[in-house]
Amino acid sequence: MALPRGITIENGRLYQRPVREIEQYRSNKVECKCVFLDGVHTLEGIQGRTVDMEITIRPKDKEKGFQKFAVWFAQNEKYRTSVSFRPYESALKIDRKCSGSRRAFIYQRRSLVNTNDGEQVLTATVMTDVAANGISFGADGQVEMDITKYDLFEE
């Protein structure tokens, strides 16, 4: 299934955003505020293969910043897919090399990352077993994160 998106042009740029109607399929809200990361962490209640996550990150120390922030999903002992952000390079990357082949939607075998309110969108097909439903977060440097996660549809 592809996630329905609305397309608009703003200031001469194309934006893609999930349609508002997707919100009617949200359930089981989990919200974590001011989570401190320095290394890799999992959070209770944050897992699944059919989720909508809104993540806000900021450096714990604005002078030092951080080198990298990453979210691993479709994860188990053998597999994982990652989305990473390197602020000093302005680089956002999806890495599927261990998958068996800022807003993230994960639906079974597809992922969509929507950043800067739809200005940039990354999509990927992930062929990992759908039972691999772990999600974890990591940072190279000290990061403070807010996350809101919803299950989408019924798993």
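The side chains of E31 and K33 meet in a salt bridge, with 3.6 Å from N to O, where a salt bridge is a side-chain nitrogen of Lys or Arg within 4 Å of a carboxyl oxygen of Asp or Glu. E31 is partly exposed at a relative accessible area of 43%, whereas K33 is exposed at 53%; here buried means under 20% relative accessible area, exposed means over 50%, and partly exposed lies in between, with a 1.4 Å probe and protein chains only.

The model is a predicted one, in which local features need pLDDT of at least 70 and side-chain atom pairs count only at pLDDT 80 or more, while totals for chains, interfaces and linings use all residues. Residues are numbered from 1 along each chain as its sequence is written, and side-chain values use heavy atoms, with hydrogens and water left out.

**Overall build**

The protein has 0 helices and 11 strands, these being DSSP runs numbered from the N terminus (H or I of at least four residues for helices, E of at least two for strands). Of its 155 residues, 41% are buried.

**Charged pairs**

Side chains of opposite charge can pair when their charged atoms come close. The structure holds 9 salt bridges, and three of them are set out below.

| Salt bridge | Closest N to O | Relative accessibility of each partner |
|---|---|---|
| E31 and K33 | 3.6 Å | E31 43%; K33 53% |
| R26 and D52 | 2.9 Å | R26 19%; D52 0% |
| E144 and K60 | 3.3 Å | E144 16%; K60 44% |

In the second row, R26 forms a salt bridge with D52. Because R26 belongs to strand β3 (residues 26–41) and D52 to strand β4 (residues 50–59), the pair ties together parts that are 26 residues apart in sequence. R26 counts as buried, and D52 counts as buried as well. The charged end of R26 also sits over the ring of Y150, 4.0 Å from the ring centre; this arrangement requires NZ of Lys or CZ of Arg within 6 Å of the ring centre and within 35 degrees of the ring normal.

In the third row, E144 is buried, while its partner K60 is partly exposed. Salt bridges that share partners join R58, K60, E144 and D146 into one network.

**The second largest pocket**

About 190 Å³ of space lies in the second largest pocket. A pocket is an open set of points on a 1 Å grid over the protein atoms alone, where a 1.4 Å probe fits, with protein on both sides within 12 Å along at least five of seven lines, and its lining residues have an atom within 4 Å of a point. Grid points are joined across faces, edges and corners, and the volume is the space filled by probe spheres set on the points.

Strands β5 (66–75), β6 (81–86) and β7 (91–95) each supply at least two residues of this lining, and the largest share, 4 residues, comes from β6. By class, the lining has 3 nonpolar, 3 polar and 6 charged residues, with Ala, Val, Leu, Ile, Met, Phe, Trp, Tyr, Cys and Pro counted as nonpolar, Asp, Glu, Lys and Arg as charged, and the others, Gly among them, as polar. The lining residues include K68, R80, D95 and W72.

W72 is placed in strand β5 and is buried, with a relative accessible area of 16%. The C-alpha atoms of W72 and T42, which are 30 residues apart along the chain, are separated by 9.7 Å.
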